[in-house]
Amino acid sequence: NREQFIHSERLNVVSELSASVSHEIRNPLTVTSGFLQLLKKSKTITQEERKYIELSLQELNRAEKIVSNYLSFAKPQSENMVYSNFFAETEYAKDLIIPYASMHQVEVQFHFNNTLNTRYDQNQIQQCLINLYKNGIEAMKDTGGGTLLIDVSEIKHHIIIKIQDTGIGMTREQISRLGKPYYSTKEKGTGLGMLMVYSTINKVNGTIEIDSQKGKGTTFLLKIPSQS
Ligand code: ADP
Ligand code: MG
């Protein structure tokens with residue numbers, strides 16, 4: 001029952017996202033930021049607690065940016081463009097999800113062995129990776145944990161990012177629905193994560209291969225052409 005799918009490209013579904021989504025998400029973000037700012041000023045919290053608040057604020061800030069970017073999906077922000085090898089982004093996203101991983105008994109392994117560069121929007125790539133890492137962890141959270149493997153390497157002018165989990169896996173039918181707006185099997189899911197992933201990888205002319213086995217786990221293989 002091994003299912004393999006190759007999506008070489010995905011239709012541009014961005015237009016299906018309405019402006020009202022971004023607007024409605026921005027409000028709770030602003031309110032939450034406000035309360036966290038207040039909390040940060042408290043004299044009774046520890047240094048460590050303050051650090052958590054800082055991190056939460058940073059992430060909310062980023063969420064705000066991403067929401068803004070959601071509607072301008074098609075055009076990367078010029079100030080975020082870099083010519084690089086994905087190390088900073090894959091590592092940054094990994095560090096961010098470590099607490100979430102430990103909370104769900106997931107061990108994260110990270111290997112980086114790539115010297116190829118390409119041009120990309122750092123924020124978008126970070127968000128894309130966070131979505132993939134997060135999905136991997138969420139696939140393992142009801143199975144008592146597991147291992148999330150992140151492996152970056154290169155093959156023939158392509159940067160290869162492998163993200164592998166030992167989670168619940170997907171059926172062929174489920175795989176084919178990935179990236180459709182609002183497709184989610186989670187109680188509190190948005191079904192926007194994979195849409196973002198497809199759109200971002202499409203923009204760097206990359207492809208996404210998915211290899212999944214129900215009850216065993218899933219591997220996402222991103223192949224992104226390098227640019228000289
Ligand atoms: P959300 O995570 O909010 O549900 P996503 O677009 O990120 O939305 O993912 C859509 C759906 O794809 C998930 O609800 C889940 O059913 C499935 N999925 C994505 N990644 C994985 C994975 N690594 N293992 C199993 N299922 C996955
Ligand atoms: Mg998700």
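Two residues are in contact if their C-beta atoms, placed from the backbone, lie within 7 Å. Keep that in mind for the close-ups below. The structure is a predicted model, in which local features need pLDDT of at least 70 and side-chain atom pairs count only at pLDDT 80 or more, while totals for chains, interfaces and linings use all residues. Residues are numbered from 1 along each chain as its sequence is written, and chains are lettered from A and ligands numbered from 1 in the order in which they are written.

**View 1. Here is the whole chain, with its six helices and eight strands.** Helices (H or I, at least four residues) and strands (E, at least two) are DSSP runs, numbered from the N terminus. Following the sequence, you meet them in the pattern β-α-α-β-α-β-β-α-β-β-α-α-β-β. Of the 228 residues in the chain, 26% are buried. In these legends a residue is buried if 20 or more other C-beta atoms lie within 10 Å of its own, exposed if 12 or fewer, and partly exposed in between, with C-beta atoms placed from the backbone. If you take the contacts between residues at least 6 apart in sequence, 78% of them join residues at least 24 apart.

**View 2. Let's look at Glu89, a residue in helix H3.** Is Glu89 buried or exposed? Glu89 counts as buried because it has 24 C-beta neighbours inside 10 Å. Leaving out residues up to four places away in sequence, Glu89 touches Gln122, Ile125, Gln126 and Leu129. Asn61 is 28 residues from Glu89 in sequence, and their C-alpha atoms are 17 Å apart in space.

**View 3. Helix H3 covers residues 87-103 and has a bend.** From the first C-alpha to the last, the 17 residues of H3 reach 25 Å, close to the 24 Å expected at 1.5 Å a residue. The expected span is 1.5 Å times one less than the number of residues in a helix. Where does H3 bend? The bend is at Ile97, by about 40 degrees, and a proline, Pro99, follows within four residues. Such a bend is the angle between axes fitted to the seven residues ending at a position and the seven starting there. Buried in H3 are Glu89, Thr90, Ala93, Ile97 and Ala101. Their cover includes strand S3 (106-112), H4, strand S5 (146-155) and strand S6 (158-165). A handy reminder: an α-helix has 3.6 residues a turn, so residues three or four places apart point the same way.

**View 4. In the loop between H3 and S3 you will find Gln105.** The phi of Gln105 is positive, near 55 degrees, in a residue other than glycine. Most residues other than glycine have a negative phi. Gln105 counts as partly exposed because it has 13 C-beta neighbours inside 10 Å.

**View 5. Strands S3, S5 and S6 pair up here.** Two strands pair if DSSP finds at least two bridges between them. S3 and S5 run parallel and are joined by seven bridges, with Gln109 opposite Leu149 in S5. S5 and S6 are antiparallel, with eight bridges, and Ile150 stands opposite Ile163 in S6.

**View 6. A hairpin links S5 and S6, with two residues between them.** Lys156, in the turn, has a positive phi of about 40 degrees. His157 lies in the loop between S5 and S6 and has a positive phi of about 65 degrees, although it is not a glycine. His157 counts as exposed because it has 12 C-beta neighbours inside 10 Å.

**View 7. Meet the shell of 20 residues around ligand 1.** A residue is near a molecule if its C-beta atom, placed from the backbone, lies within 6 Å of it. The closest residues are Asn135, Ala139, Ser184, Gly189 and Gly193. Two or more residues of the shell come from each of helix H4 (122-138) and helix H6 (193-203), and H4 gives the most, with three residues. The shell holds seven nonpolar, eleven polar and two charged residues. Here Ala, Val, Leu, Ile, Met, Phe, Trp, Tyr, Cys and Pro count as nonpolar, Asp, Glu, Lys and Arg as charged, and the others, Gly among them, as polar.

**View 8. Finally, helix H6 is mostly covered.** How many of its eleven residues are buried? Ten of the residues of H6 are buried, including Gly193, Leu195, Tyr198 and Ile201. The buried residues of H6 pack against H4, strand S7 (207-213) and strand S8 (217-225). After H6 comes Asn205, with a positive phi near 60 degrees.
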